[in-house]
Amino acid sequence: MSEEALHPQPVFPPFEDQKPSWDLGEGRLPEIHLYFGSLCNRACDFCVVFGSPQGWMAEVDEELLEALLGLLHPQAQLKVYGGEPTLLATNLRWVFAELRRRGFAGRFTLFSNGVQSARLLEVLEADANTCCVLNYSILTGTQAEPIPPAALRQLAEYAGRHPDRIFAGHPDLVEVGRAQQWGRDQLRQRADFDRACPRCFPVATTRGRYHACPFAVENNSPQYDLGGLETPPAEV
(Lines give C-alpha, C1' and ligand atoms only; values in the text may rest on other atoms or scores of the structure.)
Protein backbone atom coordinates (compact mmCIF):
# COMPACT_ATOMS: atom_id res chain seq x y z
CA MET A 1 0.00 0.00 0.00
CA SER A 2 1.32 3.45 -0.89
CA GLU A 3 2.38 6.01 1.71
CA GLU A 4 -0.34 8.33 0.39
CA ALA A 5 -3.00 5.68 1.00
CA LEU A 6 -1.67 4.99 4.50
CA HIS A 7 -1.51 8.68 5.41
CA PRO A 8 -4.36 10.63 3.75
CA GLN A 9 -3.84 14.37 3.45
CA PRO A 10 -5.67 16.09 6.33
CA VAL A 11 -7.86 19.15 5.78
CA PHE A 12 -5.81 21.23 8.22
CA PRO A 13 -2.07 22.00 8.31
CA PRO A 14 0.08 19.63 10.38
CA PHE A 15 0.90 20.62 13.92
CA GLU A 16 4.60 21.37 14.26
CA ASP A 17 5.52 20.98 17.89
CA GLN A 18 8.57 22.90 18.99
CA LYS A 19 10.31 21.66 22.11
CA PRO A 20 10.78 24.71 24.32
CA SER A 21 14.03 25.54 26.02
CA TRP A 22 14.34 24.50 29.66
CA ASP A 23 16.24 27.72 30.36
CA LEU A 24 13.37 30.14 30.95
CA GLY A 25 14.49 31.05 34.43
CA GLU A 26 12.39 31.32 37.60
CA GLY A 27 12.66 27.55 38.21
CA ARG A 28 9.38 26.75 36.45
CA LEU A 29 8.46 24.44 33.59
CA PRO A 30 8.32 25.69 29.98
CA GLU A 31 5.61 23.13 29.18
CA ILE A 32 3.21 20.81 30.97
CA HIS A 33 0.36 18.51 29.99
CA LEU A 34 -3.01 18.77 31.71
CA TYR A 35 -4.93 15.48 31.67
CA PHE A 36 -8.68 15.61 32.30
CA GLY A 37 -9.17 11.84 32.32
CA SER A 38 -10.04 8.97 29.98
CA LEU A 39 -13.74 9.79 29.42
CA CYS A 40 -14.32 10.10 25.67
CA ASN A 41 -17.13 10.05 23.13
CA ARG A 42 -15.12 7.51 21.13
CA ALA A 43 -13.36 4.25 22.03
CA CYS A 44 -10.60 4.01 19.40
CA ASP A 45 -8.63 0.78 19.36
CA PHE A 46 -5.29 2.65 19.33
CA CYS A 47 -5.98 4.98 22.28
CA VAL A 48 -3.03 5.22 24.67
CA VAL A 49 -5.26 6.20 27.63
CA PHE A 50 -8.01 3.61 27.01
CA GLY A 51 -10.46 6.44 26.27
CA SER A 52 -14.15 5.48 26.16
CA PRO A 53 -17.65 6.59 27.29
CA GLN A 54 -17.01 4.46 30.40
CA GLY A 55 -13.81 6.33 31.30
CA TRP A 56 -13.27 8.74 34.19
CA MET A 57 -13.04 12.53 34.12
CA ALA A 58 -12.63 15.23 36.76
CA GLU A 59 -12.72 19.00 36.67
CA VAL A 60 -9.84 21.31 37.50
CA ASP A 61 -10.44 22.83 40.94
CA GLU A 62 -8.88 25.80 42.70
CA GLU A 63 -6.14 23.69 44.30
CA LEU A 64 -4.97 22.29 40.97
CA LEU A 65 -5.21 25.72 39.34
CA GLU A 66 -2.88 27.16 41.98
CA ALA A 67 -0.50 24.25 41.49
CA LEU A 68 -0.39 24.88 37.74
CA LEU A 69 0.49 28.52 38.34
CA GLY A 70 3.34 27.40 40.57
CA LEU A 71 4.67 24.97 37.96
CA LEU A 72 4.27 26.91 34.72
CA HIS A 73 6.53 29.67 33.49
CA PRO A 74 4.32 32.67 32.49
CA GLN A 75 5.32 32.15 28.83
CA ALA A 76 4.98 28.36 28.87
CA GLN A 77 2.75 26.07 26.84
CA LEU A 78 -0.09 24.18 28.52
CA LYS A 79 -1.15 21.12 26.53
CA VAL A 80 -4.63 19.84 27.38
CA TYR A 81 -5.83 16.35 26.53
CA GLY A 82 -7.87 13.30 27.55
CA GLY A 83 -10.04 11.32 26.70
CA GLU A 84 -11.92 14.19 25.15
CA PRO A 85 -11.45 17.43 27.15
CA THR A 86 -14.27 19.29 25.35
CA LEU A 87 -16.68 17.10 27.34
CA LEU A 88 -15.82 19.50 30.19
CA ALA A 89 -15.75 22.62 28.02
CA THR A 90 -17.24 24.90 30.70
CA ASN A 91 -14.54 23.99 33.22
CA LEU A 92 -11.91 24.24 30.51
CA ARG A 93 -12.94 27.80 29.65
CA TRP A 94 -12.85 28.68 33.36
CA VAL A 95 -9.32 27.28 33.69
CA PHE A 96 -8.05 29.28 30.73
CA ALA A 97 -9.75 32.49 31.88
CA GLU A 98 -8.42 32.16 35.45
CA LEU A 99 -4.88 31.42 34.34
CA ARG A 100 -4.97 34.52 32.13
CA ARG A 101 -6.40 36.64 34.94
CA ARG A 102 -3.57 35.52 37.22
CA GLY A 103 -0.79 36.36 34.78
CA PHE A 104 -0.25 33.35 32.53
CA ALA A 105 0.55 34.63 29.01
CA GLY A 106 1.62 31.42 27.27
CA ARG A 107 -0.18 29.22 24.76
CA PHE A 108 -2.94 26.71 25.37
CA THR A 109 -2.83 23.72 23.01
CA LEU A 110 -5.92 21.54 23.10
CA PHE A 111 -5.85 17.97 21.75
CA SER A 112 -9.32 16.94 20.60
CA ASN A 113 -11.13 14.53 18.30
CA GLY A 114 -13.23 17.44 17.01
CA VAL A 115 -16.50 15.50 17.20
CA GLN A 116 -18.06 18.09 19.53
CA SER A 117 -17.15 20.90 17.15
CA ALA A 118 -19.45 23.52 18.69
CA ARG A 119 -17.92 23.04 22.15
CA LEU A 120 -14.43 23.09 20.69
CA LEU A 121 -15.06 26.37 18.88
CA GLU A 122 -16.44 27.93 22.06
CA VAL A 123 -13.12 27.17 23.75
CA LEU A 124 -11.13 28.59 20.84
CA GLU A 125 -13.28 31.71 20.69
CA ALA A 126 -12.83 32.36 24.40
CA ASP A 127 -9.05 32.81 24.15
CA ALA A 128 -7.06 34.19 21.21
CA ASN A 129 -3.87 32.32 22.13
CA THR A 130 -5.46 28.87 22.12
CA CYS A 131 -4.97 26.39 19.30
CA CYS A 132 -6.37 22.92 18.69
CA VAL A 133 -4.75 19.76 17.37
CA LEU A 134 -7.21 17.25 15.89
CA ASN A 135 -6.66 13.52 16.19
CA TYR A 136 -5.18 12.34 12.89
CA SER A 137 -7.03 9.03 12.63
CA ILE A 138 -10.47 10.47 13.33
CA LEU A 139 -9.82 13.50 11.14
CA THR A 140 -8.81 11.38 8.15
CA GLY A 141 -10.87 8.26 8.86
CA THR A 142 -7.70 6.16 9.07
CA GLN A 143 -8.53 2.98 11.02
CA ALA A 144 -11.14 4.97 12.95
CA GLU A 145 -14.66 6.26 12.48
CA PRO A 146 -14.19 9.64 10.76
CA ILE A 147 -15.23 12.97 12.21
CA PRO A 148 -18.89 13.71 11.29
CA PRO A 149 -19.12 15.74 8.06
CA ALA A 150 -21.07 18.58 9.71
CA ALA A 151 -18.44 18.92 12.46
CA LEU A 152 -15.60 18.83 9.93
CA ARG A 153 -17.31 21.48 7.81
CA GLN A 154 -17.82 23.74 10.84
CA LEU A 155 -14.18 23.43 11.90
CA ALA A 156 -12.91 24.00 8.36
CA GLU A 157 -14.99 27.15 8.00
CA TYR A 158 -13.61 28.47 11.29
CA ALA A 159 -10.05 27.62 10.25
CA GLY A 160 -10.55 29.52 7.00
CA ARG A 161 -11.35 32.65 8.99
CA HIS A 162 -8.76 32.02 11.72
CA PRO A 163 -5.46 30.66 10.34
CA ASP A 164 -3.07 28.90 12.71
CA ARG A 165 -5.76 27.94 15.21
CA ILE A 166 -6.67 24.39 14.11
CA PHE A 167 -4.09 21.78 13.13
CA ALA A 168 -3.95 18.11 12.21
CA GLY A 169 -2.17 15.80 14.59
CA HIS A 170 0.56 13.39 13.53
CA PRO A 171 -0.13 9.79 12.43
CA ASP A 172 2.36 8.33 14.89
CA LEU A 173 1.44 5.72 17.47
CA VAL A 174 3.13 5.03 20.76
CA GLU A 175 3.05 1.42 21.94
CA VAL A 176 1.07 2.18 25.09
CA GLY A 177 -2.53 1.54 26.11
CA ARG A 178 -4.69 -0.15 23.50
CA ALA A 179 -1.96 0.32 20.89
CA GLN A 180 -0.03 -2.44 22.66
CA GLN A 181 -2.34 -4.98 21.03
CA TRP A 182 -1.36 -3.83 17.52
CA GLY A 183 1.24 -5.76 15.56
CA ARG A 184 4.57 -4.12 14.86
CA ASP A 185 3.77 -4.05 11.13
CA GLN A 186 0.64 -1.98 11.81
CA LEU A 187 2.58 0.40 14.00
CA ARG A 188 5.29 0.82 11.37
CA GLN A 189 2.68 1.66 8.75
CA ARG A 190 1.68 4.56 10.95
CA ALA A 191 5.28 5.83 11.33
CA ASP A 192 5.47 5.23 15.05
CA PHE A 193 8.25 6.38 17.36
CA ASP A 194 10.06 3.04 16.91
CA ARG A 195 9.94 2.53 20.67
CA ALA A 196 12.01 5.66 21.31
CA CYS A 197 10.85 7.94 24.11
CA PRO A 198 9.61 11.28 22.66
CA ARG A 199 10.98 13.00 25.81
CA CYS A 200 7.79 14.80 26.78
CA PHE A 201 7.24 17.19 29.65
CA PRO A 202 5.36 16.11 32.80
CA VAL A 203 1.61 15.71 33.25
CA ALA A 204 -0.70 17.21 35.86
CA THR A 205 -3.85 15.10 36.18
CA THR A 206 -7.19 16.31 37.47
CA ARG A 207 -6.89 13.61 40.14
CA GLY A 208 -4.19 15.76 41.69
CA ARG A 209 -1.09 13.77 40.71
CA TYR A 210 1.98 14.54 38.62
CA HIS A 211 3.00 11.89 36.10
CA ALA A 212 6.17 11.51 34.04
CA CYS A 213 4.60 10.41 30.73
CA PRO A 214 1.53 11.79 28.92
CA PHE A 215 1.16 8.58 26.89
CA ALA A 216 1.40 6.18 29.86
CA VAL A 217 -0.59 8.44 32.16
CA GLU A 218 -3.05 5.64 33.02
CA ASN A 219 -0.13 3.47 34.15
CA ASN A 220 0.34 3.89 37.90
CA SER A 221 3.74 2.21 38.11
CA PRO A 222 5.95 3.99 40.66
CA GLN A 223 8.63 5.03 38.15
CA TYR A 224 6.10 7.45 36.60
CA ASP A 225 5.02 9.07 39.88
CA LEU A 226 6.25 12.66 40.30
CA GLY A 227 4.22 13.43 43.41
CA GLY A 228 1.00 15.20 44.29
CA LEU A 229 -0.17 18.79 44.48
CA GLU A 230 1.72 19.19 47.75
CA THR A 231 5.04 18.38 45.99
CA PRO A 232 7.21 21.51 45.54
CA PRO A 233 7.51 22.64 41.89
CA ALA A 234 11.30 22.32 41.97
CA GLU A 235 10.99 18.67 42.98
CA VAL A 236 8.51 17.96 40.18
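Accessible areas, as used here, come from the Shrake-Rupley method with a 1.4 Å probe. For this chain, which is a predicted model, the accessible surface comes to about 11300 Å², and 51% of that surface belongs to carbon and sulfur atoms. The chain has 236 residues, of which 51% count as buried. Among contacts with a separation of 6 or more, 69% are between residues 24 or more positions apart.

## Strands and crossovers

The secondary structure comprises seven helices and eight strands. Three of the strands, S2, S3 and S4, can be followed in order along the chain. Strand S2 (residues 72-81) runs parallel to strand S3 (residues 107-112), and four bridges join the two. Between them the chain passes through helix H3 (residues 89-101), giving a right-handed β-α-β crossover. Within this pairing, Lys 79 stands opposite Thr 109 in S3.

Strand S3 also pairs with strand S4 (residues 130-134), again in the parallel sense, over five bridges. One of the paired positions is Ser 112, whose bridge partner in S4 is Leu 134. Together with helix H4 (residues 117-126), S3 and S4 make a β-α-β unit that is right-handed.

## Salt bridges

Side chains of opposite charge can pair when their charged atoms come close. A search of the whole structure finds ten salt bridges, and the table lists some of them.

| Salt bridge | Closest N to O distance |
|---|---|
| Lys 79 and Glu 31 | 3.2 Å |
| Arg 42 and Glu 145 | 3.8 Å |
| Arg 102 and Glu 66 | 2.5 Å |

Lys 79, already met in strand S2, forms a salt bridge with Glu 31. This pair links distant parts of the chain, since Glu 31 belongs to strand S1 (residues 29-35) and the two residues are 48 residues apart. Both Lys 79 and Glu 31 are buried.

The side chains of Arg 42 and Glu 145 also meet in a salt bridge. Here the link runs from the loop between S1 and helix H2 (62-71), where Arg 42 lies, to the loop between helix H5 (136-140) and helix H6 (149-161), where Glu 145 lies, and the partners are 103 residues apart. Arg 42 has 10% relative accessibility and therefore counts as buried, whereas Glu 145 has 54% and therefore counts as exposed.

Arg 102 forms a salt bridge with Glu 66. Because Arg 102 lies in the loop between H3 and S3 and Glu 66 lies in helix H2, the pair ties together parts that are 36 residues apart in sequence. Arg 102 is partly exposed, with a relative accessible area of 27%, and Glu 66 is partly exposed at 41% relative accessibility. Salt bridges that share partners join these two residues with Glu 62, Glu 98 and Arg 101 into one network.

## Cysteines

A disulfide requires a pair of cysteine sulfur atoms within 2.5 Å, and by this rule the count comes to zero disulfides. Cys 47 is in no disulfide, as the nearest cysteine sulfur, that of Cys 40, is 6.5 Å away. Cys 47 is buried, with a relative accessible area of 17%. For Cys 132, the closest cysteine sulfur is in Cys 131 at 7.5 Å, which is too far for a bond. Cys 132 has 0% relative accessibility and so counts as buried.

Conventions. Residues numbered from 1 in each chain as written. Predicted model: local features only at pLDDT ≥ 70, side-chain atom pairs only at ≥ 80, totals over all residues. Heavy atoms only, no water. Pairing = 2+ DSSP bridges. Right-handed = clockwise from strand over helix to strand, strands pointing away. Buried < 20%, exposed > 50% of the residue type's maximum accessible area, 1.4 Å probe, protein only. Contact = heavy atoms within 4.5 Å. Salt bridge = Lys/Arg side-chain N within 4 Å of Asp/Glu carboxyl O.
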